[in-house]
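This report describes one protein chain, moving from a charged pair to the nonpolar core, the aromatic pairs and the overall layout.

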Amino acid sequence: MKTFISILAITLLSACSSIVTMDGNTTQVHDLNDLDTDGVIVARERCNDTVMGATIDNYGCGKVTAINERSELKILFPNDSFYIDPMYYEQVEVIASFMSEFPNTQVTIEGHCSKTGSYEHNLALSQNRADAVTSLLAERYSIASDRLTAIGYSYDRPVDESGTDIAHTRNRRVIAEVTGEDTTADMKWHIYTVDEEVK
């Protein structure tokens, strides 16, 4: 047993004394740079054109979400009118700009009325309000008419049923619902988000 331990000790000591040195240059096998600063090295990168700030997978490819946006246009119509004051054009322009950026989207404009007057009269009025917005999108902002749909709902879908003057004003509204085959980047929050312009 003592002989075995002695042989083992000699073997270990001789192994420690033979240190290997590297006199030549080493070659980097993989590119460890992150050229698009998305946190994924070039060796693993599969998508170089990901939108800055988008949520990405392990290969640097952005995650996308289908477009289905629904928002109320803050257009206040006068009572029994479908005239759009030019002061509200900027809101319609936001929809137009979005649709120009995503050319495979369509928009449905919903017209709504307050519960004053007959149902039939309000049905025609709400349709005229929706038509007024789609006409503005087509004529002023050059959105193709086959991408625009207008629907009037009369007073079937009120947002305020209290019957007050404020309720009537709130119920005279237009909703824009943009949908389509396009997708948008799923954006993530990061420490610099507060410094960026919110769109």
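In this predicted model, Arg-170 counts as partly exposed because its relative accessibility is 43%, which falls between the limits of 20% and 50%. Arg-170 forms a salt bridge with Asp-160, and the closest N and O atoms of the two are 3.4 Å apart. Asp-160, in turn, is buried, since its relative accessible area of 18% is under 20%. The two residues are 10 apart in sequence and link distant parts of the chain, with Arg-170 placed in helix 4 and Asp-160 in the loop between strand 3 and helix 4. The count of salt bridges comes to one. Side chains of opposite charge can pair when their charged atoms come close.

A further charged group involves a ring: Arg-157 lies over the face of Tyr-153, at 3.9 Å from the ring centre.

**Aromatic pairs**

A pair of aromatic rings is described by the distance of the centres and the angle of the planes. How many aromatic pairs does a search of the whole structure find? The search finds two, and they are set out below.

| Pair | Centre to centre | Angle between planes | Class |
|---|---|---|---|
| Phe-98 and Phe-102 | 4.9 Å | 45° | tilted |
| Tyr-119 and Tyr-155 | 5.5 Å | 85° | edge-to-face |

The pair of Phe-98 and Phe-102 is tilted because its planes stand at 45°, an angle that is neither under 30 degrees nor over 60. Within this pair, Phe-98 is partly exposed at 24% relative accessibility, whereas Phe-102 is buried at 13%. The edge-to-face pair links distant parts of the chain, with Tyr-119 in helix 3 (residues 119–139) and Tyr-155, 36 residues apart from it, in the loop between strand 3 (148–152) and helix 4 (165–171). Tyr-119 has a relative accessible area of 28% and is partly exposed, while Tyr-155, at 19%, counts as buried.

**The nonpolar core**

The largest nonpolar core holds 25 residues, and those that touch the most other members are Ile-75, Ile-84, Ile-95, Val-107, Ile-109, Val-133 and Leu-137. Two or more residues of this core come from each of strand 1 (64–73), helix 2 (89–101), strand 2 (105–112), helix 3 and strand 4 (173–185).

Leaving aside residues up to four places away in sequence, Ile-109 touches Ala-130, Val-133, Thr-134, Leu-137, Thr-149, Ala-150, Ile-151, Val-174, Ile-175 and Ala-176.

Val-92, found in helix 2, is buried with a relative accessible area of 0%. Its contacts, again not counting residues up to four places away in sequence, are Ile-75, Val-133, Leu-136, Leu-137 and Tyr-141. For one of these contacts, Val-133, the C-alpha atom is separated from that of Val-92 by 7.4 Å, although the two residues are 41 apart along the chain.

**Overall layout**

The protein chain contains four helices and four strands, which follow the pattern α-β-α-β-α-β-α-β when read along the sequence. Of its 199 residues, 31% are buried, and the accessible surface comes to about 13,700 Å², with 54% of that area belonging to carbon and sulfur atoms. Among contacts between residues at least 6 apart in sequence, 68% join residues at least 24 apart; the contact of Val-92 with Val-133 joins residues 41 apart.

Terms used: Residues are numbered from 1 along each chain as its sequence is written. This is a predicted model: local features need pLDDT of at least 70, side-chain atom pairs count only at pLDDT 80 or more; totals for chains, interfaces and linings use all residues. Side-chain values use heavy atoms; hydrogens and water are left out. Rings of Phe, Tyr and Trp (its six-membered ring) pair if their centres lie within 6.5 Å; planes under 30 degrees apart count as stacked, over 60 as edge-to-face and the rest as tilted. Buried means under 20% relative accessible area, exposed over 50%, partly exposed in between (1.4 Å probe, protein chains only). A charge sits over a ring if NZ of Lys or CZ of Arg is within 6 Å of the ring centre and within 35 degrees of the ring normal. A nonpolar core is a set of buried Ala, Val, Leu, Ile, Met, Phe, Trp, Tyr and Cys residues joined through side-chain atoms within 4.5 Å. Contact means heavy atoms within 4.5 Å. Accessible areas come from the Shrake-Rupley method with a 1.4 Å probe; for residues, only the protein chains shown count as cover. A salt bridge is a side-chain nitrogen of Lys or Arg within 4 Å of a carboxyl oxygen of Asp or Glu.
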